[in-house]
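Colleague: I want to go through this structure and test the labels. Please set each value against its cut-off.

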Amino acid sequence: MVPSGLLPGACQTSLISLLLVCCLLLPGAQGQQFPLRVEPQDPVVPTGGSLLVNCTTNCPHAELLTLETSLIKKPVGNGMGWTAFQLSGVTGDSQVLCSGYCNGSQVTGSSSITVYGVPERVELAPLPEWLPVGENFTLRCRVEGGAPRTNLTVVLLRGEEELSRQPAVGEPAEVTATVRAGRDDHGASFSCRTELDLRPRGLGLFLNSSAPRQLQTFALTMPLLDVSPLLEVETSWSVDCILTGLFPASEAQVQVALGDQMLNATVESHGDNLTATATATASAEQEGTRQIVCNVTLGGDSRETRKNVTIYSFLGPILNLSEPTAPEGTTVTVTCAAGAQVQVTLDGISSAGPGQLAQLQLNATEEDDRRSFFCNATLRVDGGIFHRNRSVQLRVLYGPKIDRTKCPQSVTWQEKTTHVLQCQARGNPDPQLQCMKEGSTVKVPVGTPFFVKLKHNGTYSCRANSSLGEYSLTVVMNVQDRNPIAVSIGMGVLVILGLVMIFAALAYVFGMKKRSDSYHVNQGSTWLPLTSKQPNEDVGEEPS
């Protein structure tokens, strides 16, 4: 027999198998009563491990017990009916053969050694950095090494959720699974795990996992632009870029622009809705048709919406007075002008056409003081109609005047009462009005309450004065005594005194006549004539 250590490993394995078959076919082997056993029987050994193998028999006269193997062996002991060897460097599955002689007949025994090991490499292929919601993607796991393959399973996971379980086939083994991306997958971790289940062989369950891969999913919709189609130069207006159904909204980047001019936008998100608001101010150089652009970028993808706007200039109306403050009798010219495309109307008078001015002239009078002039400007742009109004007030300078209808010619008041002398003057500039008693320094206030006294009785000159002249009129103030009973008593006393004097006079006249037996009353007297008849006079005869 050739020593096993002198043969190559593959040849040794083949030779051992051949010897095993031949020994089993020998007539003595078939009828042997003391079989040769290999312990342990069909062991499982970790890759690169060592194993103690014992060849043993119950034969009382066993001899020449030996072990045939392709592995490195070292005798470690023997005794009656047994011999032991230490096997090392077990890197692959193999068979060992124990042989010997019992009572002159050859006996044999064999055992299969199975090597196990976890995979050397378990790797999940990289995932897309961003993936649209609803799109399929493939999980791909590559497994190198691992034995025995019949006990090796590959599991694809989302977090701890099992997505697929498949046997490891081939070297290297590659396992795949197709998954539809959802919103719940955003930020989720995917991994690959191998399971070497040796529990049926008396060992445990050996796990090995890949490094996790994180997935980011997104949903991107077309933005909507909310902006007026007509924008005025040098005015500020708002631009809203609106997105609905956006996911995740917080990761979106929004840019708003007017042509090539980037605008500062404030972004607000509520759930899956996002609004970017920008304020724009167009210059005169941008007048005409321009584009508002809203661009949204998310997950390496972008959407863009453009909208045409018309930028226009609305100059005017410019309303002027040739004399904003004009003396009475002055000719005043009122003009209203606006931009080239603007039609103006001045107090109902329209200009000849767009870009033309409207004007009117007047001879300023007192009635024109504080008169307002109105100008309306109309601009038509791309179907839009815009109006703008201006007004201006004319001041006319004229001398002071007092309206008799607003200043009484006379008043009658009782003393010790409170009254107001209502008297108004007009003029521009505003005149100063005061009322003074003629021939005296007594003044009465105008337009404010005052306490009436007897000294206020009289005629007053009310004068309105300004830098443009003076105007006056007369007001008679009759002040009556407030005690009418005393006046009545005084009048009664005067009447009684008058009557007393009359009776006294009559008594005196009758006394003189009695002495002369005749009475004479002057014919020019207002009193009734009194006469006395003479003895020698006849009735009806006139006295001499």
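Modeller: Start with how elements are named, since the loops depend on it: helices and strands are DSSP runs, numbered from the N terminus, and a strand needs at least two residues. Asp382 is found in the loop between β33 (371–381) and β34 (384–402). Keep in mind that this is a predicted model.

Colleague: Why is Asp382 called exposed?

Modeller: Exposed means over 50% relative accessible area. Asp382 has 61%, so the label holds.

Colleague: What is the sign of phi at Asp382?

Modeller: Positive, about 45°, although Asp382 is not a glycine. Most residues other than glycine have a negative phi.

Colleague: And Asp347, what makes this residue partly exposed?

Modeller: Partly exposed lies between the 20% and 50% limits. Asp347 is at 33%, so that is the class. Asp347 sits in the loop between β30 (342–346) and β31 (349–350). Phi of Asp347 is near 45°, again a positive value in a residue other than glycine.

Colleague: How do you know that the bond from Gly316 to Pro317 is cis?

Modeller: Omega is near 0° there. Pro317 is in the loop between β26 and β27 (318–321). A cis peptide bond also joins Asn428 and Pro429, with omega about 10°. Pro429 lies in the loop between β37 (425–428) and β38 (432–437). Most peptide bonds are trans.

Colleague: Give me the overall picture. How many helices and strands does the protein chain have?

Modeller: Three helices and 42 strands. The chain has 544 residues, and 36% of them are buried. Of the contacts with a separation of 6 or more, 60% are between residues 24 or more positions apart.

Colleague: Why is Thr83 called buried?

Modeller: Buried means under 20%. Thr83 has a relative accessible area of 8%, so Thr83 qualifies. Thr83 belongs to strand β6 (residues 82–90). Its contacts beyond four places in sequence include Val53, Cys55, Leu65 and Gly77.

Colleague: What makes the pair of Thr83 and Gly77 a polar contact?

Modeller: The limit is 3.5 Å between N or O atoms. A polar atom of the Thr83 side chain lies 3.4 Å from the backbone oxygen of Gly77.

Colleague: Now the nonpolar core. Which residues have the most contacts inside the largest one?

Modeller: Trp237, Cys241, Leu246, Val254, Leu258 and Ile292, in a core of 29 residues. The elements giving two or more residues to this core are β20 (236–243), β21 (253–258), β24 (273–281), β25 (288–298) and β26 (301–312). A second, separate core has 25 residues, including Cys141, Val143, Val154 and Leu198. In soluble globular proteins, nonpolar side chains tend to be buried together.

Colleague: What does Leu246 touch?

Modeller: Leaving out residues up to four places away in sequence, Leu246 touches Ala219, Leu220, Thr221, Ala252, Asp272, Leu274 and Leu298.

Colleague: What makes Leu499, Phe503 and Leu506 a surface patch?

Modeller: A patch residue needs over 30% relative accessible area and no salt bridge, and nonpolar side chains are joined within 5 Å. Phe503 has 57%, so Phe503 passes the area limit and is exposed. Together the three have about 290 Å² of accessible area. Phe503 lies in helix α3 (residues 484–516).

Colleague: Why is the pair of Arg149 and Glu171 called a salt bridge?

Modeller: The nitrogen-to-oxygen cut-off is 4 Å. Arg149 and Glu171 come to 2.2 Å, N to O. Arg149 lies in the loop between β10 (136–147) and β11 (152–158), and Glu171 in the loop between β12 (161–167) and β13 (173–180), so the pair ties together parts 22 residues apart in sequence. Glu171 is exposed at 53%.

Colleague: Are the partners Lys401 and Glu366 buried or exposed, and how far apart are their closest N and O atoms?

Modeller: Their closest N and O atoms are 2.9 Å apart. Lys401 is in strand β34 and Glu366 in the loop between β32 (358–363) and β33, 35 residues apart. Lys401 has 28%, so Lys401 counts as partly exposed. Glu366 has 12%, so Glu366 is buried.

Colleague: How many salt bridges does the whole structure hold?

Modeller: The search finds 22.

Definitions and conventions. Residues numbered from 1 in each chain as written. Predicted model: local features only at pLDDT ≥ 70, side-chain atom pairs only at ≥ 80, totals over all residues. Heavy atoms only, no water. Patch = residues over 30% accessible without salt bridge, like charges linked within 9 Å, V, L, I, M, F, W, Y side chains within 5 Å. Areas by Shrake-Rupley, 256 points an atom, 1.4 Å probe, with all protein chains shown as cover. Salt bridge = Lys/Arg side-chain N within 4 Å of Asp/Glu carboxyl O. Helix = DSSP H or I, 4+ residues; strand = E, 2+ residues; numbered from the N terminus. Buried < 20%, exposed > 50% of the residue type's maximum accessible area, 1.4 Å probe, protein only. Core = buried A, V, L, I, M, F, W, Y, C linked by side-chain atoms within 4.5 Å. Contact = heavy atoms within 4.5 Å. Polar contact = N/O pair within 3.5 Å; in protein donor to acceptor, adjacent residues only side chain to side chain.
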